[in-house]
Amino acid sequence: MLLPKDPYILLSFLNARLRDQYADLEDLCASLDADEQSLRETLVGVDYRYDPVYHQFIPITSKEV
């Protein structure tokens with residue numbers, strides 16, 4: 001599957017899929033044949049990180065849980 005190139009659209013796309021379809025980021029990446037590290041780096045570039053507790057990409061400024 002071709003993922004969105006715009007990081008904010010990618011963020012929305014990934015969070016929706018994580019919420020609705022996948023157990024975690026690893027499962028999503030395996031299913032979509034996406035490189036997890038590349039996704040993480042792209043979203044860190046716009047100040048978001050994956051939080052397994054919330055099961056979403058959240059702003060980096062959010063407190064660690």
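Reader: Before we start, what does contact mean here?

Author: Contact means heavy atoms within 4.5 Å. The model under discussion is predicted.

Reader: Fine. Which residues does asparagine 15 contact, leaving aside its neighbours within four places in sequence?

Author: Asparagine 15 is in contact with Gln56 and Phe57 on that basis.

Reader: And where is asparagine 15 found?

Author: Asparagine 15 is part of helix 1.

Reader: Is asparagine 15 buried or exposed?

Author: The relative accessible area of asparagine 15 is 12%, and buried means under 20%, so asparagine 15 counts as buried.

Reader: What lies 2.7 Å from a polar atom of its side chain?

Author: The backbone nitrogen of phenylalanine 57 lies at that distance from the asparagine 15 side chain.

Reader: Turning to the largest nonpolar core, how many residues does it have?

Author: The core has 17 residues. Those with the most contacts inside it are Leu3, Leu14, Leu28, Leu32, Leu39, Leu43 and Phe57.

Reader: Which helices each supply at least two residues of this core?

Author: Helix 1 (7-20), helix 2 (25-32) and helix 3 (36-44) each do so. The largest share, five residues, comes from helix 1.

Reader: What does leucine 39 touch, not counting residues up to four places away in sequence?

Author: Leucine 39 touches Leu3, Leu10, Leu14, Cys29 and Ala34.

Reader: Now the largest pocket. What is its volume?

Author: The volume of the largest pocket is about 200 Å³.

Reader: Which residues line it?

Author: The lining is made up of Met1, Leu2, Leu3, Pro4, Lys5, Leu10, Ala34, Asp35, Ser38, Leu39 and Thr42. Leu39 is thus named both in this lining and among the residues with the most contacts inside the core.

Reader: Which helix gives the most to that lining, and how does the lining divide by class?

Author: Helix 3 gives the most, with three residues. By class, seven lining residues are nonpolar, two are polar and two are charged.

Reader: Different topic: backbone angles. What is the phi of aspartate 47?

Author: Aspartate 47 has a positive phi of about 65°, although it is not a glycine. Aspartate 47 sits in the loop between helix 3 and strand 1 (48-51).

Reader: And what is phi near for histidine 55?

Author: Phi of histidine 55 is near 60°, again a positive value in a residue other than glycine. Histidine 55 is placed in the loop between strand 1 and strand 2 (56-59).

Reader: Is histidine 55 buried or exposed?

Author: Histidine 55 is buried, with a relative accessible area of 18%.

Conventions. Residues are numbered from 1 along each chain as its sequence is written. This is a predicted model: local features need pLDDT of at least 70, side-chain atom pairs count only at pLDDT 80 or more; totals for chains, interfaces and linings use all residues. Side-chain values use heavy atoms; hydrogens and water are left out. A nonpolar core is a set of buried Ala, Val, Leu, Ile, Met, Phe, Trp, Tyr and Cys residues joined through side-chain atoms within 4.5 Å. Buried means under 20% relative accessible area, exposed over 50%, partly exposed in between (1.4 Å probe, protein chains only). Helices (H or I, at least four residues) and strands (E, at least two) are DSSP runs, numbered from the N terminus. A polar contact is a pair of N or O atoms within 3.5 Å; within protein, one must be able to donate a hydrogen and the other to accept it, and residues adjacent in sequence count only if both atoms are side-chain atoms. On a 1 Å grid over the protein atoms alone, a cavity is a set of points where a 1.4 Å probe fits but cannot get out, and a pocket is an open set with protein on both sides within 12 Å along at least five of seven lines; lining residues have an atom within 4 Å of a point. Grid points are joined across faces, edges and corners, and a volume is the space filled by probe spheres set on the points. Ala, Val, Leu, Ile, Met, Phe, Trp, Tyr, Cys and Pro count as nonpolar, Asp, Glu, Lys and Arg as charged, and the others, Gly among them, as polar.
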